[in-house]
Amino acid sequence: MIDRRLHLHLASWLGQWPAGPGLHVVASQRRAQPAWDGRLRPALAVDTGQSAVLSVAPDRVAAIRALTRRTPARLLAALPEAVGRPEFCVHDGPFRWSLAPAPLPDVGEWTESSAPGLPPWLRLFDRPVLVVRDPDGAYLAGAGIKRHDAYGHELAVGTVRAAQGRGLARRLVAQAARRVLDEGAVPTYLHERDNHASARVADAAGFPDRGWRAYGVYPR
């Protein structure tokens, strides 16, 4: 049995949760509306290994259901065009969450996303972001919280190349996860399947790979 907050998050984010065995294509108006960063996510899915929910806009349900007879790889390849966004790309990788982040020491400070010196990706967040700077004030690493709904907040983290290998990312993720839990939501963490560095960060921060998978159609 999964945590109640995670259950409510998936029901809100996807439009239905849980599902029976197999793949279930469901309609959600959220797939036709801007996401946390103002851009569309026209297809989203979470797959537990036994059952999966694939969420698309209501007017795309019939077209997507017709694709479910294909192999998983061919279904993924066909999704962007089927949801009317052939210029978008496919995300596919583990879906992780944590109720007990690793007890790593805090390393960052919360600051407004409009603060000087932050990279463009952190400026997409409309609430404070978690940042590590060097003694001279130069940006080294940062984390942001994607507040998809009241129940599930996804973490994003990045480190400049010169500061990699110091364990900053894992400490930022654990620190941000504790804040999410304090806010009453469950922290989630997604990364591409072949992003081994991100996988190591997630493992070290207390976000185990439980065999769940998330995939969808995202802007490039």
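Leaving aside neighbours within four places in sequence, which residues is Ser-51 in contact with? I opened my notebook with that one, bearing in mind that this is a predicted model.

**Entry 1: Ser-51**

I found Ser-51 in strand β3. Its contacts beyond the four-place window are Ala-19, Gly-20, Pro-21, Gly-22 and Val-46. I then looked at the side chain, and a polar atom of Ser-51 lies 3.4 Å from the backbone oxygen of Ala-19. Is Ser-51 buried or exposed? Ser-51 counts as buried because its relative accessibility is 10%, and the cut-off for buried is under 20%.

**Entry 2: helix α3**

β3 came up again when I moved to α3, which spans residues 72-82. I asked which residues of this helix are buried. I noted Leu-75, Leu-76, Ala-78, Leu-79, Pro-80 and Ala-82. An α-helix has 3.6 residues a turn, so residues three or four places apart point the same way. That is a handy thing to keep in mind when reading such a list.

What covers the buried residues of α3? The cover includes β1 (22-27), β3 (51-56), α2 (61-67), β4 and β10 (213-218). After the helix comes Gly-84, and I noted that its phi is positive, near 80°.

**Entry 3: a long step from α3 to the next loop**

Ala-82 made a good starting point for a distance check. Ala-100 is 18 residues from Ala-82 in sequence, and their C-alpha atoms are 38 Å apart. I located Ala-100 in the loop between β4 and β5 (109-111). Ala-100 counts as exposed because its relative accessible area is 58%, with the line for exposed drawn at over 50%.

**Entry 4: Arg-96**

I stepped back into strand β4 to look at Arg-96. Buried or exposed, I wondered, for a charged side chain like that of Arg-96? Arg-96 is buried, since its relative accessible area is 3%.

Next I looked up its polar partners. The side chain of Arg-96 makes a polar contact with the side chain of His-191, at 3.1 Å. A polar atom of the Arg-96 side chain also lies 2.6 Å from the backbone oxygen of Phe-207. Beyond its neighbours in sequence, Arg-96 is in contact with Pro-187, Thr-188, Tyr-189, His-191, Ala-199, Ala-202, Asp-203, Phe-207, Pro-208 and Asp-209.

**Entry 5: the largest nonpolar core**

Two of those contacts, Tyr-189 and Phe-207, turned up again in the core. In soluble globular proteins, nonpolar side chains tend to be buried together. Here the largest nonpolar core has 22 residues, and those touching the most other members are Val-132, Leu-155, Leu-168, Leu-172, Val-173, Tyr-189 and Phe-207. β6 (129-133), β7 (139-147), α4 and α5 each give two or more residues to this core. Which element gives the largest share? It is α4, with 8 residues.

I picked Leu-168 for a closer look. Leaving out residues up to four places away in sequence, Leu-168 touches Val-107, Val-132, Leu-140, Ala-141 and Ala-163.

**Entry 6: Tyr-139**

Tyr-139 sits in strand β7. Tyr-139 is classed as buried because its relative accessible area is 12%. How is its polar side-chain atom placed, I asked, and where is the backbone nitrogen of Gly-142? That nitrogen lies 2.9 Å from a polar atom of the Tyr-139 side chain, and the backbone oxygen of Gly-158 lies 3.3 Å from one. Gly-158 is also among the residues that Tyr-139 touches, along with others including Trp-121, Leu-122, Val-131, Val-132 and Val-160.

I also took one long distance from here. Ala-45 is 94 residues from Tyr-139 along the chain, and their C-alpha atoms are separated by 34 Å.

**Entry 7: pockets**

I finished with open space. The largest pocket has a volume of about 970 Å³. Which of its 36 lining residues lie nearest the centre? They are Val-157, Tyr-189, Leu-190, Asn-195 and Ser-198, so Tyr-189 deserves a second mark in my margin. β4, β8 (152-159), α4 (168-182), β9 (186-190) and α5 (196-205) each supply at least two lining residues, and β8 gives the most, with 6. By class, the lining has 17 nonpolar, 9 polar and 10 charged residues.

The second largest pocket holds about 190 Å³ of space. Its lining has 14 residues, and closest to the centre are Trp-13, Arg-30, Ala-35, Trp-36 and His-148. By class, I noted 6 nonpolar, 2 polar and 6 charged residues there.

Definitions and conventions: Residues are numbered from 1 along each chain as its sequence is written. This is a predicted model: local features need pLDDT of at least 70, side-chain atom pairs count only at pLDDT 80 or more; totals for chains, interfaces and linings use all residues. Side-chain values use heavy atoms; hydrogens and water are left out. On a 1 Å grid over the protein atoms alone, a cavity is a set of points where a 1.4 Å probe fits but cannot get out, and a pocket is an open set with protein on both sides within 12 Å along at least five of seven lines; lining residues have an atom within 4 Å of a point. Grid points are joined across faces, edges and corners, and a volume is the space filled by probe spheres set on the points. Helices (H or I, at least four residues) and strands (E, at least two) are DSSP runs, numbered from the N terminus. Ala, Val, Leu, Ile, Met, Phe, Trp, Tyr, Cys and Pro count as nonpolar, Asp, Glu, Lys and Arg as charged, and the others, Gly among them, as polar. Buried means under 20% relative accessible area, exposed over 50%, partly exposed in between (1.4 Å probe, protein chains only). Contact means heavy atoms within 4.5 Å. A nonpolar core is a set of buried Ala, Val, Leu, Ile, Met, Phe, Trp, Tyr and Cys residues joined through side-chain atoms within 4.5 Å. A polar contact is a pair of N or O atoms within 3.5 Å; within protein, one must be able to donate a hydrogen and the other to accept it, and residues adjacent in sequence count only if both atoms are side-chain atoms.
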